[in-house]
Amino acid sequence: MRLPLLALLARGPAHGYELKQDLEQLLGSAYPQPNVGQIYVTLGRLEKAGLIEGEEVEQSSRPNKKIYYLTDTGREALHAWYQETADEPRVRDEFFMKLALAPTTGLADQIALINRQRRQYLNTMRNLSKLAAAEDRDNRISQLLIEGAMLHLQADLDWLERCQEELEELE
């Protein structure tokens, strides 16, 4: 959450609730939205780290609010983030660990594990399809997020099929 908040502040000063609304508007309901308390805790940490600065602004009919600004250090951290590539291979997959250990423990059948996981992926795929249909069609970012999740699920389903074929050959 740290770097996305910095990215939102790169366009200009804002307070925490504005940042939450901006995230919700940008990503739609497909992305798990942080609560406003989480936003403010993260902003406090960013300020302590010197990546942003906060300034109290008086309001006549409401409590004061704190507006946050990106610092030069924050802008540098943001530039570095944009230069990094996302390298997250799923080598440490909890489901695969269950699948690999099932014969050793004798507590689970590998094919039953695959079938249960397949049902879960298919249910998730259905839910994402409903979400895509309900989401604002003009919000291309949200639609792309949903599409990416569905493509990952399809790859996971294909992989489960491959696992099942391989295990059935071993029998």
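These are my notebook entries on some helix pairs and two loop residues, looked up in a model that is predicted.

**Entry 1: α6 and α7**

I began with helix α6, which covers residues 110–134, and helix α7, which covers residues 140–170. I read off that the two pack at an angle of about 160°, and that their axes lie 10 Å apart. Because an angle over 145 degrees counts as roughly antiparallel, I wrote down α6 as roughly antiparallel to α7. I also looked up the hand of the crossing of α6 and α7, and noted that it is left-handed. Sorting the residues in the contact of α6 with α7 by class, I found 16 nonpolar, 8 polar and 4 charged residues.

**Entry 2: α5 and α7**

Next I turned to helix α5, made of residues 94–105, whose axis comes within 13 Å of the axis of α7, with the two crossing at roughly 10°. Since angles under 35 degrees count as roughly parallel, I recorded α5 and α7 as roughly parallel to each other. Which residues meet here, I asked, between α5 and α7? From α5 I listed F95, F96 and L99, and from α7 I listed W159, L160, C163 and L167. By class, the contact of α5 with α7 has 7 nonpolar residues, with no polar and no charged ones.

**Entry 3: N139, in the loop between α6 and α7**

I then went to the loop between α6 and α7, where N139 has its place. Is N139 buried or exposed, I wondered? Its relative accessible area is 12%, and because buried means under 20%, I entered N139 as buried. I followed the side chain of N139 in two directions. One of its polar atoms lies 3.4 Å from the backbone oxygen of L26, and the side chain of N139 also reaches the backbone nitrogen of S142, at 3.1 Å. Setting aside the neighbours of N139 within four places in sequence, I found it in contact with Q25, L26, L27 and G28, so L26 appears in my notes both for this contact and for its backbone oxygen.

**Entry 4: T71, in the loop between β2 and α4**

Last, I looked up T71, which lies in the loop between β2 (65–70) and α4 (72–83). With 11% relative accessibility, T71 counts as buried. Which residues does T71 contact, leaving aside its neighbours within four places in sequence? I noted down G50, L51, I52 and E53 as the residues in contact with T71.

Note on methods. Residues numbered from 1 in each chain as written. Predicted model: local features only at pLDDT ≥ 70, side-chain atom pairs only at ≥ 80, totals over all residues. Heavy atoms only, no water. Axes fitted to C-alpha atoms, helices over the stretch in contact; angles between N-to-C directions. Helix = DSSP H or I, 4+ residues; strand = E, 2+ residues; numbered from the N terminus. Parallel < 35°, antiparallel > 145°, perpendicular 65-115°, else oblique. Left-handed = near helix turned anticlockwise from the far one by under 90°. Nonpolar A, V, L, I, M, F, W, Y, C, P; charged D, E, K, R; others polar. Buried < 20%, exposed > 50% of the residue type's maximum accessible area, 1.4 Å probe, protein only. Contact = heavy atoms within 4.5 Å. Polar contact = N/O pair within 3.5 Å; in protein donor to acceptor, adjacent residues only side chain to side chain.
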